[in-house]
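Colleague: I would like a close look at one part of this model. Please take me through the nonpolar core, and tell me what else stands out around it.

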Amino acid sequence: MRLGLHPGQKVADALALAPDLVTVEHDPAVDRAALEALSDWCVRFSPAVALDGDDGLFLDITGTDHLWGGEAAMLADLLARLARWGVPARAAIADTPGAAWALARFGARFGDDGQIAPPNGQRALLADLPVAALRLDATATAQLPRLGLYRIGQLLGLPRAQLAKRFGLLLTLRLDQALGAGGEALVFRRPACPWLERLAFAEPISAPDDLARATGDITALICRRLEAEGQGARRFEVTFHRLDGKAMSVRAGLARAGRDAARLTRLLAPRLDVIDPGFGIEVVTVFAGDVEPLSATQARLDAEAGAGLDETLAPLVDRLVNRLGEERVWRADPYESHVPERALVRRAPLAAPSGAGWDPDRPRPVRLFRRPEAITALAKVPDDPPVQFTWRGRAHRVRRAEGPERIGQEWWRGDFATTGPGRVRDYYRVEDEVGGRFWIFRQGLFGGDEVPKWWIHGLFG
Amino acid sequence: MPGSRQARLVALKGRIAALEAGARTPTPVLRFGEPAIDGCFPGGGLPSGCWHEVMGAGLEDETAAAPAAFVARLTRPLLATGAVVWVMRRDDLHAPGLAGLDFPTGRLIQVKARDEAEVLSVLEDALSTVGVAAAVGEAEAPELKAGRRLQLACEKRGSFGVLLHRRPYGGAAGRARTVSGSSAFSRWRIAGAPSQPPPGDPGLGPPRWRVELERCRGGRSGVWILESLEADDGPHSFRLVPQLADHDLATAGGRLRIAG
C-alpha cells in the first residue's frame, strides 16, 4: 500500500513501482484446493460448511456456538486461529447468509473485528453498506451508483416492482435473502448432518492410549444421543484435529444400523495406529452417517435362542469388513447373464436376498478359473467333444462327455471383434477315466478366419 | 503288582477322558446314513464342535475342486441352523456350481483373506460366532498351535469347522507342508471317481467321490466311493456305492471295507 500497489493492478505497473516484487501466476485449481482444505478444517466449528465463490466460506453455526460460550467467543477463536496460520480473513455472523456475506466483506471496513448482527438486526446494519454488498451481477452493481443509488438503505425504500423491472429479479431476490424474507439454499461440502459430537481437550493429547480412550468417549457420546432419539447409524467417522490444523479420520461401517459404543470402539481401535498426532490433538469430532430409525432393543439373557440369524451374524460381518475391506467379504447372488463369468454379482453378506436362482438344468463347475487355460485337444470329428486333452502337461483320456452348450458373448457389450461369432463358445462337461470332471470349451466356429481353440474353464468336483 | 497297575491306568484314563469332555453336553453329530461309515465314528457320526481336515488327492491338492464339492455336500444339512463362512485366498469358488449341489448359496458368506495366517484367524473368528453353523477355510496344514486354537473356537459354540488343505497356486507339487499330529477330529482325502449314469444315458451321472477317512480320533479309518444323492431321495447327502468290482480299490489293499 505504501508503494502505491493495490489489488487489480497490472503486473507491469506494479513492477515499475516496486522492481523487486515477487509475482506468482494465478492458479485457480490450487486456490480452490486450498479453500477446500480450509473448509474441511472449519468442520471443527460446524459440520455445515459451504464454499462461496473463490474466496469465501459459509458456516452454518446454528446450535454449535454454545460450545465456545457464545457467538462472539466463537468468532474470536476462529479469527485468532486463522491469523496464527497467516490466513488473512474477515468474518461476520448474521441471521442470513446474505447479511453475513455483506458484513464480512464490507462491514469490516468500519472495524477490525468480526461483526455480529443481533437477531433480526441485519436491516439496520445493512442500510449503510454499498450496493455491491448485495452479491449482484456486474452490470447491476455498476449501474446502480450511476442512478444515485449508493447504499442499500436507499433501495429499501423504493417500490419493488420497479426495481425488479429495471435491474432484474436477482436484485429483489438478493435483498430478500439478505434481510431474511427469502430463503437461500447453501450447498454444504458434506451433507448437513446433525449427528456430530465434539470433544475438546484442555491439553493436547498424543499418546496412543489417550487416543483410544478419546475414541471410546466420543463414540459413547454419539451413541447416547442416537439412543435417546431412537436412531442408529451405519457409518461412523472419528476425526482427530491436530494443533497445526491437519485433520485425520478413521472410519468404521456397520452391516446394520447400530449404536453400540463398545462394539464401535473395538472396530475403530485397531485403525488408530495410522493417526499421527504430531504436536498433539486438541479436538476430536465424530460424525454418524446413514442414520436410520432403530427401535430400542433390550439385551436378552437368552440372546442365542431368540435372535434372528442376521442379528447374530452382523457383528461378525462388521469385524470382517472393517478388517479386510468391503470387497473381500461377499455373498454371491444370481445375475441375469448367460455368460458364466458374469452370472453372479457380489453383494454385502446381509443384503436382502434377491430371490432369483441359477438355472438347475445348466450345470456349472465348483471352481471357475478367472481366466480360461489353453488345452490341446484331440477330437475324432471337428464338432465332437475331444477324446483326449492335455492340461498342465498331463494327458486326460475322456471317458464320458456331455454337451455342447453353446454360449455366445453378449453382443451389446462390445464391438464385433470381441463379441462376434468368432467368440462363440461350445462348452462340454467331460469326465476322464479316473473321475476328474472338467468344463472345457471350444471357442470359435469352423470355417472362420481363425481355427477354433480349446480351453478349460473350470472343474466340477 | 501288574493287576493294580493296570487298574490304576484305567482309572487315570477315565479321569483324563472326563477332563477332556469337560462340561460339554453330548454334541450333535452329522450322520451319513450308512451304517458302514457312521460305525467308524465313536459317536455314530461326525460331531459338531470339532474341526476336520479335508485334502485333495493328486492334482486336486492345488485345484481343490472335488474336496470343495464334497465339503459342500457334507455341510449342506447344517445350513438349516445357520450360515456357512467360506474363507479362501483365491476366489475361484463358483457359487452357481455349489447351487448345483443343492447348497443354499444365500447362506454362504465368502471371505477372501490376504494370507494363510489371516485365513486361520478369520476361520477362528467365524467358528466362535453365534449363527455360523459351519466354517470352511482353505489353507495349508496349520501349525499345531493354530490347530488347537481352531479346536477351542469350535468348542465355544459347537460349530463345525473344516480346513480344506490347498497348496498355493504355483507352489511346488508334492511338497505340501506336513505337520505331524493335529488336533483335528478327522482327516479325509477326497478324489473324484468315475460316475455312472443311468442305463441308456450318454452323459455324466451324479458326481461320485473316492472318500478316504485317513484318521479319526477314537474311530476307525476307511475308504468308500460315495455318490451325491438328489434332494428328493432322503435327508442324507451321500449314497454309498457298492464297490465289489472296482479296480482302483482292489489295488488299495486291505484297508478296503466292504459295505452291506
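Modeller: Here is the core, followed by the chain it draws on and a barrel elsewhere. Keep in mind that this is a predicted model.

Start with the largest nonpolar core. It holds 98 residues. Two of them, B:V85 and B:V87, have the most contacts inside it. Helix α4 of chain B, residues 65–75, gives the most to this core. Its share is eight residues.

Now look at B:V85. Set aside its neighbours within four places in sequence. B:V85 is then in contact with B:I109 and B:V111. It also touches B:A126, B:V132 and B:A135. Another core lies apart from the largest one. That other core has 34 residues, including A:A94, A:L103, A:A117 and A:L129.

Step back to chain B. Its 260 residues are 45% buried. The secondary structure comes to eight helices and eleven strands. Take the contacts in chain B between residues at least 6 apart in sequence: 65% of these join residues at least 24 apart.

Chain A has a feature to look at too. Six of its strands form a closed barrel, in the order β12-β13-β14-β15-β16-β17. The pairing is antiparallel. Direction ignored, neighbouring strands of this sheet are turned by 45° against each other on average. Pick out one pair in chain A: strand β14, residues 394–407, and strand β15, residues 425–432. Seven bridges join these two antiparallel strands. A:R400 stands opposite A:E431, which belongs to β15 of chain A.

Methods: Residues are numbered from 1 along each chain as its sequence is written. Chains are lettered from A and ligands numbered from 1 in the order in which they are written. This is a predicted model: local features need pLDDT of at least 70, side-chain atom pairs count only at pLDDT 80 or more; totals for chains, interfaces and linings use all residues. A nonpolar core is a set of buried Ala, Val, Leu, Ile, Met, Phe, Trp, Tyr and Cys residues joined through C-beta atoms within 7 Å. A residue is buried if 20 or more other C-beta atoms lie within 10 Å of its own, exposed if 12 or fewer, and partly exposed in between; C-beta atoms are placed from the backbone. Helices (H or I, at least four residues) and strands (E, at least two) are DSSP runs, numbered from the N terminus. Two residues are in contact if their C-beta atoms, placed from the backbone, lie within 7 Å. Two strands pair if DSSP finds at least two bridges between them. Axes are lines fitted to C-alpha atoms, for helices over the stretch in contact, and angles run from 0 to 180 degrees between N-to-C directions.
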